[in-house]
Amino acid sequence: MTLAPIGLGLMCKPPRPGISKTRLAVSIGPEAAARLSRAFLEDSARAAREAADRAGIEPRAFFRPVDAAQEIAAILGPEWRLAYADAGDLGATMLEVLETCLRHCPAGAMIMGADVPLLSSDVLVEAAHCLQNGNPDEVVIVPSFDGGYCLLGVRSLEAATTLCAPMAWSTPKVLDETLRRASIANLTVRLLSAQRDMDELADLDWLRGQLAVGDRLAPRTRAVIAQLGEALFR
């Protein structure tokens, strides 16, 4: 039986020195931070394309700011469908992305960030299957170790509206608040294995250790870390 396609929105920003990964740039410099930001995006896009081939996922890239279209297109390649998305508030932007994905794939939609290079195609396939095989109130979340999440999947616009309503975004309480809202709305939440996004030097040091034990993980990120060398971690 062919499973219904699931939309996937990849949230993208152009890898620009002085703008990309600013917290990380404090420790490693803006040029290195921008190079890593591009590598994270490339590895995230690669995982999404691999998952698309395996699980009936239809990926789209949503970028901001508005002048970044050509940069993102040059990085991702012609097979990606691109759309500008920036509603001001993070939650409103996420809702806009999920709404667009649901319009094209009514069976379900997911949204993911592009700074989690170890978020593999296996995880994306598992998340898609949770939605494809779940009940109409199914929600799938990949938590992040900082108290937020790096992937959210829903089967309805109503669920997306509930979970993306205004809150204190980018804080350690995002996941807890999301779970609270899901419980009140009687949504069924599937939590997958937690991931780690790359915001601080400690995250990058952790990533280097993970890459040392898995040679198939995040090839572009691995290459950039090797090129930048030990200076990153002094």
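Me: Which residue follows helix 9, and what is its phi?
Reply: The model here is a predicted one. Helix 9 covers residues 219–228. Next comes Gly229, with a positive phi, near 75°.

Me: Which residues of helix 9 are buried?
Reply: Buried means under 20% relative accessible area. In helix 9, that group is made up of Thr221, Val224, Ile225 and Leu228.

Me: Why are they on the same side of helix 9?
Reply: An α-helix has 3.6 residues a turn, so residues three or four places apart point the same way. The buried residues of helix 9 sit on the same side because, around the axis, they cover an arc of only 100°.

Me: Which exposed residues does the face turned away from the buried side of helix 9 carry?
Reply: The cover over the buried residues includes helix 2 (30–55) and helix 8 (201–211). The face turned away from the buried side carries the exposed residues Ala226 and Gln227.

Me: Where does Ala218 lie, and what is its phi?
Reply: Ala218 belongs to the loop between helix 8 and helix 9. Ala218 is buried, with a relative accessible area of 6%. Most residues other than glycine have a negative phi. Ala218 is not a glycine, yet its phi is positive, near 40°.

Me: What is the phi of Lys21?
Reply: Lys21 lies in the loop between strand 1 and helix 1. Its relative accessible area is 16%, which makes Lys21 buried. Lys21 is not a glycine, but its phi is positive, at about 45°.

Me: Which residues lie nearest the centre of the largest pocket?
Reply: The largest pocket has a volume of about 1,200 Å³. Its lining has 43 residues. Elements giving two or more of them include strand 1 (6–12), helix 1 (22–28) and helix 4 (90–104). Nearest the centre are Lys21, Asp115, Ser170, Asp197 and Asp199.

Me: How many residues of that lining are nonpolar, polar and charged?
Reply: Sorted by class, the 43 lining residues give three groups. The lining of the largest pocket holds 23 nonpolar, nine polar and eleven charged.

Me: Which element gives the most to the lining of the second largest pocket?
Reply: The second largest pocket holds about 290 Å³ of space. Of its 15 lining residues, Arg46, Glu50, Ser120, Ser121 and Arg216 lie nearest the centre. Two elements give two or more residues to the lining: helix 2 and helix 5 (121–133). The most, five residues, comes from helix 2.

Me: How many charged residues are in the lining of the second largest pocket?
Reply: The lining has seven nonpolar residues and two polar ones. Its charged residues number six.

Me: How many disulfides does the whole structure have?
Reply: A disulfide needs two cysteine sulfur atoms within 2.5 Å. The sulfur of Cys101 is 7.1 Å from the closest one, in Cys105, which is too far for a bond. Cys105 is likewise in no disulfide. A search of the whole structure gives a count of zero.

Me: Are Cys101 and Cys105 buried or exposed?
Reply: Cys101 has a relative accessible area of 1%. Cys105 also has 1%. Under the 20% cut-off, Cys101 is buried and Cys105 is buried.

Me: Which residues does a cis peptide bond join?
Reply: Most peptide bonds are trans. One cis bond has an omega of about 0°. Its proline lies in the loop between strand 2 (57–63) and helix 3 (69–76). The two residues joined are Arg64 and Pro65.

Terms used:
Residues numbered from 1 in each chain as written. Predicted model: local features only at pLDDT ≥ 70, side-chain atom pairs only at ≥ 80, totals over all residues. Heavy atoms only, no water. Buried < 20%, exposed > 50% of the residue type's maximum accessible area, 1.4 Å probe, protein only. Helix = DSSP H or I, 4+ residues; strand = E, 2+ residues; numbered from the N terminus. Arc of directions from axis to C-beta. Contact = heavy atoms within 4.5 Å. 1 Å grid on protein atoms, 1.4 Å probe; cavity = no way out; pocket = protein on both sides within 12 Å on 5 of 7 lines; lining within 4 Å. Points joined across faces, edges and corners; volume = space filled by probe spheres on them. Nonpolar A, V, L, I, M, F, W, Y, C, P; charged D, E, K, R; others polar.
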